[in-house]
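Hi everyone, thanks for making time. I'd like to walk you through a structure that's probably new to most of you, so let's put it up on the screen.

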Amino acid sequence: MADLLLALGKMNLAAAVAILAIILIRKPARQVFGARQAYRLWFLAPLAALAALLPARTMSVILAPSAIATRPGDLSDQADGLAAQVPVPAPVAAGGIDLSILVLGVALLGMVAFTAWRLRRASKSSVDAWMLAPVAALAALISIRAIWLMVSPDTGAGTGAGTGAGTGAGAAPILVDPVLMLGALWIAGALTMALWFARKQARFHVDERDGVAGPAVVGVVRPRIVTPTNFAHLFSERERAVILAHESIHIARQDVRANGLVALARCLCWFNPLVHVAA
């Protein structure tokens, strides 16, 4: 679980930097290269996230023949000298405590910012936005509790083990692994976002049955164009042709499937406000 959360945190940090860069250069890029090329800049965000998972580059050092020991005792002496010169990274506690705290901080700030953004955009009667407020509050409490378990000297945190005891003398046992708390929080947030999208989709299908939905393209597996029952009365023949041509372009460019991938990313990265802004 810890490795998964650390990878998720690195991917989100890389994607956040890429999204900020795209927001800054999108407008001038559109003026210079056109709208289509500027839109393709968004591919940099998932590429940056995937690049964060690439293994670190390793370097091999080849010693000159003159530097190789000729006597049996020299080999151990040279090995000791090289070991003294090469810095050894500090050991990381089991469970990746430091980066877990970083992910927790991003999650805490992200969910608060996302909830505030949704509340600001929504009207007072919007149930969806207000539904996120208690979820964010509960997630914030869990995050704060998990951070406290990790950094509090009284709990023996710094081991990240969740094994029931810390390494320090007189450390109190950790009854709940903070990394597992973080994992449960992430899963709960992802499920909440998925239910939120499902609720919106269900409401759209209700409007579709009532004949008031669209014009729009729906369906990730089999995309189709949905129009209201009074489509012919709302628009002239020329306007209907333009609208249908526009929606057909969305189908040809696989925009609906792209939107499905974006929705999946928003569920998995629900704590990252920049992912929602980019969507």
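Okay, one thing up front: this is a predicted model. Let's start with the second largest pocket. Which helices help to line it? Both α1 (2-33) and α2 (35-39) do, each giving at least two residues to the lining. The residues around that pocket are Arg26, Lys27, Arg30, Ala35, Ala38, Tyr39 and Trp42. By type, that lining splits into four nonpolar and three charged residues, with no polar ones. The space inside comes to about 150 Å³.

Now, on to charges. Side chains of opposite charge can pair when their charged atoms come close. How many salt bridges turn up in the whole structure? The search finds two.

One of them joins Glu208 to Arg224, with 2.6 Å between the closest N and O atoms. That pair links distant parts of the chain: Glu208 sits in helix α7 (residues 178-210) and Arg224 in strand β2 (residues 224-226), 16 residues apart. Glu208 counts as partly exposed, because its relative accessibility is 25%. Arg224 is partly exposed too, at 37%.

There's also a salt bridge between Asp255 and Arg253, at 3.2 Å from N to O. Is Asp255 buried or exposed? It's buried, because its relative accessibility is 13%, and the cut-off for buried is under 20%.

Last stop, helix α9 (residues 237-252). At 1.5 Å a residue, its 16 residues should span 22 Å, and the end C-alpha atoms are indeed 22 Å apart, so the two agree. After α9 comes Gln254, which has a positive phi, near 60°.

Methods
Residues are numbered from 1 along each chain as its sequence is written. This is a predicted model: local features need pLDDT of at least 70, side-chain atom pairs count only at pLDDT 80 or more; totals for chains, interfaces and linings use all residues. Side-chain values use heavy atoms; hydrogens and water are left out. Helices (H or I, at least four residues) and strands (E, at least two) are DSSP runs, numbered from the N terminus. The expected span of a helix is 1.5 Å times one less than its number of residues. On a 1 Å grid over the protein atoms alone, a cavity is a set of points where a 1.4 Å probe fits but cannot get out, and a pocket is an open set with protein on both sides within 12 Å along at least five of seven lines; lining residues have an atom within 4 Å of a point. Grid points are joined across faces, edges and corners, and a volume is the space filled by probe spheres set on the points. Ala, Val, Leu, Ile, Met, Phe, Trp, Tyr, Cys and Pro count as nonpolar, Asp, Glu, Lys and Arg as charged, and the others, Gly among them, as polar. A salt bridge is a side-chain nitrogen of Lys or Arg within 4 Å of a carboxyl oxygen of Asp or Glu. Buried means under 20% relative accessible area, exposed over 50%, partly exposed in between (1.4 Å probe, protein chains only).
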